[in-house]
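Here is a friendly walk through a protein model, going from overall dimensions to sheets, aromatic pairs and a few single residues. Have the viewer ready and follow along.

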Amino acid sequence: MSLEKIYGVHAVEALLRHHPKRVKQVWLAEGRSEPRVQALVELATQNKVAIGQAERREMDVWVEGVHQGVVADVSPSQVWGEAMLDELLDRTEGAPLLLVLDGVTDPHNLGACLRSADAAGALAVIVPKDKSATLTPVVRKVACGAAEVIPLVAVTNLARTLEKLQQRGLWVVGTAGEAEVSIYDQDLTGPTILIMGAEGKGMRRLTREHCDYLVHLPMAGSVSSLNVSVATGVCLFEAQRQRGAKAKGKK
């Protein structure tokens, strides 16, 4: 079985905490001994994961990115299939929140969106199998551990998936700059699927046609739009804010 290299303190620590059996070996740059690295060593030792040392310049060749002197050899990334959605929804209490990224191709954006989705309490992140970023070492590094705890579900036909989820009682809220309703005026407290469009292009036509509601993010300055990962964070945390207020009995 071929292994992949995951790098960065947070990404490797998250793997050791949540999926230790996937970690085959942890490599540390010579001379790294600060407290958070020692904590990572203890975690690896507890899970009986081998620890080795390597020169920084050697690690620079292994990965493309800032590895922070920490690299791990792990079994291949796990991207879930559509069946995972039914399983997640079946065991979820309360109103689920799902994030759909309709063709986001930049791994840095995907990593940031996974991080925001986990922080905002989303159940899963859904992407089309084609023409979308997927789990890579870069995504895991940017996600700072979120890629190990929130399911990334790749589906063959996004429109069909949305139809199935609507039949289960979820409402589809798509983001579009020309929408009349603000994200802040849209009720996001029920079972919700939030759709964010691709960088620059927005949602695809067929995806848009499956939306129950369209909303926009108000812009007060001179720029016309936000980076998709930033916009995703704003929208997800608005949903979290509304849900928190509802739970406390506020408007």
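A compact globule of 251 residues would have a radius of gyration near 18 Å, and the protein chain, with 20 Å, agrees with that. Please keep in mind that this is a predicted model. Along the principal axes, the C-alpha atoms fill a box of roughly 55 × 45 × 40 Å. The accessible surface of the protein chain is about 12800 Å², and carbon and sulfur atoms hold 50% of it. Of the 251 residues, 47% count as buried. If we look at contacts with a separation of 6 or more, 82% of them come from residues 24 or more positions apart.

**Strands and sheets**

The protein chain has 9 helices and 11 strands. Which strands build the open sheet, and in what order? It is formed by 7 strands in the order β7-β6-β5-β10-β8-β11-β9, with parallel pairing. At the edges are β7 (152-155) and β9 (181-182), each of which pairs on one side only. Further in, β8 and strand β10 (residues 192-197) run parallel and are joined by 4 bridges. One place to look at is V172, whose bridge partner in β10 is I193.

Strand β4 (residues 70-74) is another good stop. Its pairing with strand β1 (residues 4-7) is antiparallel, over 4 bridges, and Y7 stands opposite V71 in β4. The pairing of β2 with β4 is also antiparallel, over 5 bridges, and here V26 stands opposite A72 in β4. Are the residues of β4 buried or exposed? The strand is mostly covered, with 5 of its 5 residues buried. Both faces are covered: V70, A72 and V74 lie on one side, V71 and D73 on the other, and all are buried.

**Aromatic pairs**

How many aromatic pairs does a search of the whole structure find? There are 2, and the table sets them next to each other.

| Pair | Centre to centre | Angle between planes | Class |
|---|---|---|---|
| W27 and W62 | 5.4 Å | 65° | edge-to-face |
| W171 and Y213 | 6.0 Å | 45° | tilted |

The pair of W27 and W62 links distant parts of the chain: W27 belongs to strand β2 (residues 23-29) and W62 to helix α3 (residues 56-62), 35 residues apart. W62 counts as partly exposed because its relative accessibility is 26%, which falls between the cut-offs of 20% for buried and 50% for exposed. The ring of W62 also has a charged companion: the charged end of K5 sits over it, 4.4 Å from its centre.

Why is the pair of W171 and Y213 tilted? The planes of the two rings are at 45°, and an angle under 30 degrees would count as stacked while one over 60 would count as edge-to-face, so this pair falls among the rest. This pair, too, links distant parts of the chain: W171 is in strand β8 (residues 171-175) and Y213 in strand β11 (residues 213-216), 42 residues apart. Both rings belong to partly exposed residues, with W171 at a relative accessible area of 44% and Y213 at 35% relative accessibility.

**Two buried residues**

Where is R22? Its place is in the loop between α1 (9-18) and β2. R22 has a relative accessible area of 14% and is therefore buried. Not counting residues up to four places away in sequence, R22 touches E4, L15, D73, V74, S75, P76, S77, R140 and E148. The C-alpha atoms of R22 and A72 are separated by 9.9 Å, although the two residues are 50 residues apart along the chain.

T192 brings us back to the open sheet, since its place is in strand β10. With a relative accessible area of 4%, T192 is buried. Leaving aside its neighbours within four places in sequence, T192 is in contact with P96, L97, L98, L170, W171, V173 and R243. W171 on that list is the residue whose ring pairs with the ring of Y213.

Terms used:
Residues numbered from 1 in each chain as written. Predicted model: local features only at pLDDT ≥ 70, side-chain atom pairs only at ≥ 80, totals over all residues. Heavy atoms only, no water. Phe/Tyr/Trp six-rings, centres within 6.5 Å; stacked < 30°, edge-to-face > 60°. Buried < 20%, exposed > 50% of the residue type's maximum accessible area, 1.4 Å probe, protein only. Lys NZ or Arg CZ within 6 Å of the ring centre and 35° of its normal. Rg over C-alpha atoms; globule rule 2.2 N^0.38 Å. Contact = heavy atoms within 4.5 Å. Areas by Shrake-Rupley, 256 points an atom, 1.4 Å probe, with all protein chains shown as cover. Pairing = 2+ DSSP bridges.
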